[in-house]
Amino acid sequence: MVLALIGYLVARHIPSVLVEQCTAQSAEGPAVTLDLDQAANAATIAAVADARRLPERAVTVALATAMQESKLRNIGYGDRDSMGLFQQRPSQGWGTPAQVLDPVHSAGMFYDALVKVPGYSKLPVTVAAQKVQHSGYPEAYAQHEQDAAILAAALSGREGASLSCEVRSVGTPGSARTGGTAVTAEVRREFGSDPAADPPAPAPNHVAYRATDTKAGWALALWLVCHATTLHITTVDFDGREWNSSTSDKGWTSRTSPAGATGEVLAGLASAPA
């Protein structure tokens with residue numbers, strides 16, 4: 001009884017601690033939860049596929065591979081000289097150590113090898129992944145297929161506002177002049193010139209991107225949310241929905257009036273914490 005009373009008092013008077021994480025929901029299976037680093041890496045893997053106009057299946061194969069090889073963490077160690085998201089070996093031609101530890105480069109190298117596999121989009125995930133990775137445990141990729149498919153559907157933009165992140169802090173109100181330049185540079189590095197065409201002049205503390213279509217807009221919007229803490233993004237608005245870092249536990253909420261123009265992805269910015 002005493003322990004129960006103590007537990008009640010703790011729960012009643014100590015506020016709950018927000019766990020920073022991202023969750024993808026899907027009608028195709030259970031929710032998939034990642035920490036912020038994992039989510040940012042997953043979003044980058046999807047963005048690189050988008051830049052190359054690769055199908056969603058390629059993203060599923062890549063995500064399942066990275067889940068198995070590194071748990072979606074950009075690690076600087078592994079078997080022999082393996083490193084990075086895909087445990088690629090510099091000695092085997094995947095790039096210099098610095099390149100292999102760049103998620104954009106490593107994802108691009110993975111896709112370069114994947115598209116050379118005949119009929120890869122119709123192969124089981126474990127078979128397609130193994131033809132790229134040549135792993136000693138080829139059957140291991142299969143265990144990640146469902147979660148990878150749910151993440152791929154979300155991060156490709158096909159499922160709309162199906163992924164959201166809970167964060168504690170992204171910084172303090174800042175200037176779009178410097179912050180916006182950094183965000184736009186990273187968007188272009190990962191997505192190429194699309195889905196964001198040359199952005200219009202931003203409002204104070206905001207950057208805006210014209211999405212080529214709704215699917216591309218959601219792909220960019222979710223990428224911005226997954227990178228909110230590293231790029232100091234306070235809000236993301238698209239298609240009548242808003243994600244706000246200060247109320248991130250509520251996920252995407254509906255707006256009575258759009259924050260930006262139709263078809264525009266709008267990101268509010270903060271400066272880096274002091």
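This briefing covers two pockets and three helix pairings. The structure is a predicted model, so please read everything below in that light. Helix 3 (56-70) is a good place to begin, as helix 3 lends at least two residues to the lining of the largest pocket and at least two to that of the second largest. Helix 3 also packs against helix 2, helix 6 and helix 7.

**The largest pocket**

- The volume of the largest pocket comes to about 450 Å³.
- Its lining is made of 18 residues, and those nearest the centre are Ser82, Gln87, Gln133, His134 and Ser135.
- Two elements, helix 3 (56-70) and helix 6 (125-133), give two or more residues each to this lining.
- Sorted by class, the lining of the largest pocket holds nine polar, five nonpolar and four charged residues.

**The second largest pocket**

- The second largest pocket encloses about 320 Å³ of space.
- A set of 21 residues lines the second largest pocket, with Asp50, Arg53, Ser156, Lys215 and Ala216 closest to its centre.
- At least two lining residues come from each of helix 2 (36-51), helix 3 and helix 9 (214-226).
- Helix 2 is the biggest contributor to this lining, giving five residues.
- By class, the lining of the second largest pocket has 13 nonpolar, six charged and two polar residues.

**Helix 3 with helix 7**

- The axes of helix 3 and helix 7 (residues 145-155) approach within 8 Å and cross at roughly 130°.
- Helix 3 and helix 7 are therefore oblique to each other, and their crossing is right-handed.
- From helix 3, the residues in the contact are Glu56, Arg57, Val59, Thr60, Leu63, Ala64 and Met67.
- From helix 7, the partners are Glu145, Asp147, Ala148, Ala149, Leu151, Ala152 and Ala153.
- This contact of helix 3 with helix 7 counts nine nonpolar, four charged and one polar residue.

**Helix 2 with helix 3**

- Helix 2 and helix 3 have axes 10 Å apart and pack at an angle of about 150°.
- Angles over 145 degrees count as roughly antiparallel, so helix 2 is roughly antiparallel to helix 3.
- Helix 2 crosses helix 3 in the right-handed sense.
- Ala42, Ile45, Ala46 and Ala49 of helix 2 meet Val59, Ala62, Leu63 and Ala66 of helix 3.
- The contact of helix 2 with helix 3 has eight nonpolar residues, with no polar and no charged ones.
- Val59 and Leu63 of helix 3 take part in this contact and also in the contact with helix 7.

**Helix 3 with helix 6**

- Helix 3 and helix 6 pack with their axes 9 Å apart, at an angle of about 70°.
- That angle makes helix 3 roughly perpendicular to helix 6, and helix 3 passes helix 6 in a right-handed crossing.
- On the helix 3 side, the contact uses Arg57, Thr60, Val61, Ala64, Thr65 and Glu69.
- On the helix 6 side, the contact uses Val125, Ala128, Ala129 and Gln133.
- Five nonpolar, three polar and two charged residues make up the contact of helix 3 with helix 6.
- Arg57, Thr60 and Ala64 of helix 3 belong to this contact and to the one with helix 7.
- Gln133 of helix 6 touches helix 3 and is also among the residues nearest the centre of the largest pocket.

Note on methods: Residues numbered from 1 in each chain as written. Predicted model: local features only at pLDDT ≥ 70, side-chain atom pairs only at ≥ 80, totals over all residues. Heavy atoms only, no water. 1 Å grid on protein atoms, 1.4 Å probe; cavity = no way out; pocket = protein on both sides within 12 Å on 5 of 7 lines; lining within 4 Å. Points joined across faces, edges and corners; volume = space filled by probe spheres on them. Helix = DSSP H or I, 4+ residues; strand = E, 2+ residues; numbered from the N terminus. Nonpolar A, V, L, I, M, F, W, Y, C, P; charged D, E, K, R; others polar. Axes fitted to C-alpha atoms, helices over the stretch in contact; angles between N-to-C directions. Parallel < 35°, antiparallel > 145°, perpendicular 65-115°, else oblique. Left-handed = near helix turned anticlockwise from the far one by under 90°. Contact = heavy atoms within 4.5 Å.
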